[in-house]
Each structure stands twice: as structure tokens, then as C-alpha cells.
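Please walk me through this structure, taking one of its sheets and one of its helices in turn.

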Amino acid sequence: MAIDLRSDTVTRPSSGMRDAIAQAPVGDDVYGDDPTVNSLEERVAEMFGKEAGLFTPTGSLANQLAIRMLVAQGEELIAETNSHIVRAELGAAAVFSGITTRTWLAHRGLLKASDALDIARPDSGPYLVSTTAIAIENTHNFGGGTIQSMSEFQALRFGADSMGLTLHLDGARIWNAHVASGVSFLEYGKYFDTISVCLSKGLGAPIGSLMLSTKERVAKARVWRKRYGSGMRQVGVLAAAGHFALDHNIERLVDDHRRARKLALALNAIDATLIDPSTVETNIVGLDLGIMPFTATEFAKHCRDAGLLISALGPKYVRLVTHLDFDDTQCEQAIEILKKAFVT
Ligand SMILES: *Cc1c(COP(=O)(O)O)cnc(C)c1O
């Protein structure tokens, strides 16, 4: 079977997780009767110091419900140019919520609070759109799994408060940020009005995200989740996978990070322009093929033919993501495939 480094979403539920799924107590969640969903929502909200949580099938939906609670129709959300909310949610903020976006570009997706605050325009009057919220991604996916700095979060919160703006955290990979930085979930939670987290990325659940915020916002988001057609029934079978993932798969992310660094070091040894290993902070290895005589798509195809799946995300940019179903043996094999791919 091919080694699959396209994303950390490609993992399959382990047998322990499948047992947890099989044994989950369930009920009709639209009636609020699913004990496993309820306990997951309470558990994750508590982890981040929030009043309430809402289980959603995808991270995109968790993000969209969150920003919908912060930004009214005709108002503006600002976010980094390459953030998931802006680039990878198919214009959902505009399509569903009438939210416009404006963006700032950050090197490797790394937040400088002043970049965001400088373009924010709250209360813009009758001519210009008013900014009401700022969205931040941690870790930053297209930035290469980078971790945001706490001092920038502090500065951002301070500036946002003084301007009357709210803050959303896209924490699809907040688990990776926590494990690599040692910053607690409670500390991350302190700076944001709404948070989304994914159980289906590094944590290895087959599906599931949560939106976290105040009781009031979560109650409103619950109505919108149903309106969007995502009221789910005996979905404790999925929430059980989430509980299992939180119990077993957070601390082991250090292994994914170690393997990502190992890949980066090996690739840097092949050609130093591909990647600076010191920029690999978590489980994402982004390669710059700028000086290579082939495109990202051609390179990805070449690797696929040799048994390694990777993502071509830009004309000259490919991404490798380590995960739960990628071990040390496969890491050695992947390095051998990459070495050959670059010389032939
Ligand atoms: C994967 C991801 C999401 C959510 O994606 P879904 O596929 O909708 O679950 C949100 N934000 C970031 C940064 C992601 O990488």
C-alpha cells in the first residue's frame, strides 16, 4: 500500500477507537438526548475554558457557525490571506452569512497583531464596510504548520478589546500547537470569543469538530446547525471516537512532529532550497520546488508512481503531513522514495 502523506485526515479509526464507537451510549441528539455527544461538548468546552460546545461534522461548519455568531450580514471578517476560512471553505462566509472578508499576508502565516489591527476598521459609517471580527489559525496549515506566538495573541486581544472587535480561533490543529509549544488549552482559550477544533486531523477520529463559545452563542449556533441541515441523531457513535481520540491521541503527536522534522532534515540534505528544517514546528512539511525543473503536480505524480502520496498545493509548492498511521519504518521508506525522486 502507498505511504500517504497528503494530509493528517487520511488516518483510519484504530481497533480501540472502533470498540469505543461500538459501545457508545446514544440518543437523539436533535432532542439533546445523546449522552456521548453531550459529554463530549462539555468536555471540550471545559478544556478551553468555554461555557459550551457544539459538535459538528466538519471543521468548516464549526468555523462558519462561529464567525456567523460574531459577524452580521454586510459586516467584515479579517483574516490572513492563506487561512483556511478564506481559501479553503469555498466562500461559505459570503454564500451563507453575507460576510465579506479582507486579508493581510503573513510570512509562513505567522501572526503579527499589528498586521491585523492596522487594517481593522470598526464602525466605518455609511460608506465603508465595518470590521467586526478577526480570525486566527493555529497551527497555520498553509503556513507550514506554524505555531502562533502568545505575545502576539496578547497584543491582538488588547487591540481588539480597545476597538470593540471579537476574535475567532480556527484551532483545527490546536492539539499540535499545544504539544509542540507546551501552552495549555486553557491559555489558548483565554484570548478568543469563539474557537473551532477538529477531531479528524491529527487526533485520528473519522469525523467531528466542535465550536466553542458562550452558552448564548452556542445555543444560537445550534439552531443554525440544524438550519444548515446538520442536526444529527444517534451521533454518539461519532462523539465516542472523539472521546477516544482525546484520551489517547494528543500526547503522541510528538511522534508526528519528530517524523516531520526527520523528513525535513533529509530533504534539506538533498537540496537546502527545498526546506529550512528549523521552520518545521509541527506535523507539516512544505517544500519549495522553486529552482526545480518540474512543477509540484509533476513531482507529486512522480512520487505517487513510486508509492508515496503527497499534495501539490501550489505551482511549485508541495506538502507532506505526518500522522497517526505513519510510522518510523514508513518514514525511512518515504525518505528513500524522495531521494530517488529528486535525482531522477
Ligand atoms: C482541515 C481544516 C479545517 C476544517 O476542515 P474540514 O475538512 O471542513 O473538517 C479548518 N481549518 C483548518 C486550518 C484546517 O486545516
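The paragraphs below follow a sheet and the helices that pack on it, and then turn to another helix and its surroundings.

The model is a predicted one, and the sheet to begin with is open, with three strands in the order β9-β12-β11 and antiparallel pairing. Its edge strands are β9, residues 284–288, and β11, residues 311–314, each of which pairs on one side only. On average, and with direction ignored, neighbouring strands of this sheet are turned by 30° against each other. Strands of a sheet pair through backbone hydrogen bonds, in either a parallel or an antiparallel manner. Between β9 and β12, the latter spanning residues 317–321, the antiparallel pairing extends over five bridges, and within this stretch G286 stands opposite R319 of β12.

Two helices pack on the sheet. Helix α12, residues 253–270, touches β9 and β12, and its direction makes about 20° with that of β9. Helix α13, residues 296–305, touches β11 and β12 instead, and its direction makes about 175° with that of β11.

Elsewhere in the chain, helix α7 covers residues 150–163, and its 14 residues reach 20 Å from the first C-alpha to the last, close to the 20 Å expected at 1.5 Å a residue. Which residues of α7 are buried? They are M150, F153, L156, R157, G159 and A160, and the buried residues of this helix pack against two helices, α6 (113–119) and α9 (185–190), as well as against the strands β5 (131–137) and β6 (166–171). Just after α7, G164 takes a positive phi of about 75°.

Terms used. Residues are numbered from 1 along each chain as its sequence is written. This is a predicted model: local features need pLDDT of at least 70, side-chain atom pairs count only at pLDDT 80 or more; totals for chains, interfaces and linings use all residues. Side-chain values use heavy atoms; hydrogens and water are left out. Two strands pair if DSSP finds at least two bridges between them. Helices (H or I, at least four residues) and strands (E, at least two) are DSSP runs, numbered from the N terminus. Axes are lines fitted to C-alpha atoms, for helices over the stretch in contact, and angles run from 0 to 180 degrees between N-to-C directions. Contact means heavy atoms within 4.5 Å. The expected span of a helix is 1.5 Å times one less than its number of residues. Buried means under 20% relative accessible area, exposed over 50%, partly exposed in between (1.4 Å probe, protein chains only).
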